[in-house]
Amino acid sequence: MSENAALTPFELLAHYERACLAHSADAPERVESLGLWRGIGFRVGRHAFVSGIEEINELLAVPPLTNVPGTQPWLMGVANVRGNLVPAIDLGRFLFDERTPASERARLLLVRQHGGTVGLLVDEVFGQRTMDDAQRGAGEEEHDPRLARFVAENVQLGEQTFGLFSMSRLVRAPDFRQAAL
């Protein structure tokens, strides 16, 4: 730290920024070179899922929503996210016909779809989950017909089982794309 003592505050911040960027730039390469897969874990009702980190653009606390009449009950409304209108879907209601309760842990997962972004309300976000090829290859098939079209397999991570949830399959599903009554 003695070498940083002679730096101005701006130079010190620039030094820290360069160090952080150099460190973070190596992280994806190391993860990929080790054969690791990264995803975001979340909960819908009593089901735990993980989706590829590249499939989720952003996590948000639930913003104020404006109701949209004449839509499916799982379309909660639209949110203004930095000037863009984003439809907000109650994922629990879409998948299981069970409304997601309002709580401090509930979050919107912003996911790209054809023509824009959609927000998916989930009960809770667990954060990043990492698994290797052996864990992914040892997964079990999903037997719940409500989930089988979106969940490729179920994998054990520590004490918990996660369904590998495909956001791209979800946003392409005809019934998901048809929000109007």
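**Cores, rings and salt bridges in a predicted model**

Modeller: In this predicted model, the largest nonpolar core has 27 residues, and Phe-42, Phe-94, Phe-165, Met-167, Leu-170 and Phe-176 have the most contacts inside it. Two or more residues each come from β1 (36-44), α2 (91-96), β7 (107-113), β8 (116-122) and α5 (167-172). The largest share, 4 residues, is given by α2.

Biologist: What makes a set of residues a nonpolar core?

Modeller: Its members must be buried residues of kinds such as Phe, Met and Leu, joined through side-chain atoms within 4.5 Å. In soluble globular proteins, nonpolar side chains tend to be buried together.

Biologist: Which other core lies apart from the largest one?

Modeller: A core of 9 residues, including Leu-60, Ala-79, Val-81 and Leu-108, lies apart from it.

Biologist: Which residues does Phe-94 touch, leaving out those up to four places away in sequence?

Modeller: Phe-94 touches Trp-74, Ile-89, Arg-149, Phe-150, Leu-170, Asp-175 and Phe-176.

Biologist: Why is the pair of Trp-74 and Phe-176 called stacked?

Modeller: Two values decide it. Ring centres must lie within 6.5 Å to pair, and planes under 30 degrees apart count as stacked. For Trp-74 and Phe-176 the centres are 6.0 Å apart and the angle between the planes is 10°, so the pair is stacked. Trp-74 lies in the loop between β4 (65-66) and β5, and Phe-176 in helix α6, so the pair ties together parts that are 102 residues apart in sequence. Trp-74 and Phe-176 are both buried.

Biologist: Why is the pair of Phe-94 and Phe-150 called tilted?

Modeller: Tilted pairs are those whose planes are neither under 30 nor over 60 degrees apart. Phe-94 and Phe-150 have 45° between the planes at 6.3 Å centre to centre, so the pair counts as tilted. Phe-94 is in helix α2 and Phe-150 in the loop between α4 and β10, so this pair ties together parts 56 residues apart in sequence. Phe-94 and Phe-150 are buried.

Biologist: How many aromatic pairs are there, and which residues do ring pairs link into a cluster?

Modeller: The count is 9 aromatic pairs. Ring pairs link Phe-42, Phe-49, Trp-74, Phe-94, Phe-150, Phe-165 and Phe-176 into a cluster.

Biologist: How do you know that Arg-82 and Glu-58 form a salt bridge?

Modeller: The rule asks for a side-chain nitrogen of Lys or Arg within 4 Å of a carboxyl oxygen of Asp or Glu. In Arg-82 and Glu-58 the closest N and O atoms are 2.5 Å apart, so the pair meets the rule. Arg-82 lies in the loop between β5 (75-81) and β6 (84-90) and Glu-58 in strand β3 (residues 58-61), so the salt bridge ties together parts that are 24 residues apart in sequence.

Biologist: Why is Arg-82 called exposed, and Glu-58 partly exposed?

Modeller: Exposed means over 50% relative accessible area, and partly exposed lies between that and the 20% limit for buried. Arg-82 has 61%, so Arg-82 is exposed. Glu-58 has 26%, so Glu-58 is partly exposed.

Biologist: What is said of the phi of Arg-82?

Modeller: Phi of Arg-82 is near 50°, a positive value in a residue other than glycine. Asp-97, in the loop between α2 and β7, has a positive phi near 60°. At 61% relative accessibility, Asp-97 counts as exposed.

Biologist: What makes Arg-146 and Asp-144 a salt bridge?

Modeller: Their closest N and O atoms are 2.8 Å apart, and the limit is 4 Å, so they count as a salt bridge. Arg-146 is partly exposed at 36%. Asp-144, at 16%, is under 20% and therefore buried.

Biologist: What parts does the salt bridge of Asp-175 and Arg-149 tie together?

Modeller: Asp-175 and Arg-149 meet at 2.6 Å, N to O. Asp-175 is in helix α6 (residues 174-177) and Arg-149 in the loop between α4 (145-148) and β10 (151-157), so parts 26 residues apart in sequence are tied together. Asp-175 is partly exposed at 33%, and Arg-149 is partly exposed at 38%.

Biologist: How many salt bridges does the rule give?

Modeller: It gives 5 salt bridges.

How values were computed. Residues are numbered from 1 along each chain as its sequence is written. This is a predicted model: local features need pLDDT of at least 70, side-chain atom pairs count only at pLDDT 80 or more; totals for chains, interfaces and linings use all residues. Side-chain values use heavy atoms; hydrogens and water are left out. Buried means under 20% relative accessible area, exposed over 50%, partly exposed in between (1.4 Å probe, protein chains only). Contact means heavy atoms within 4.5 Å.
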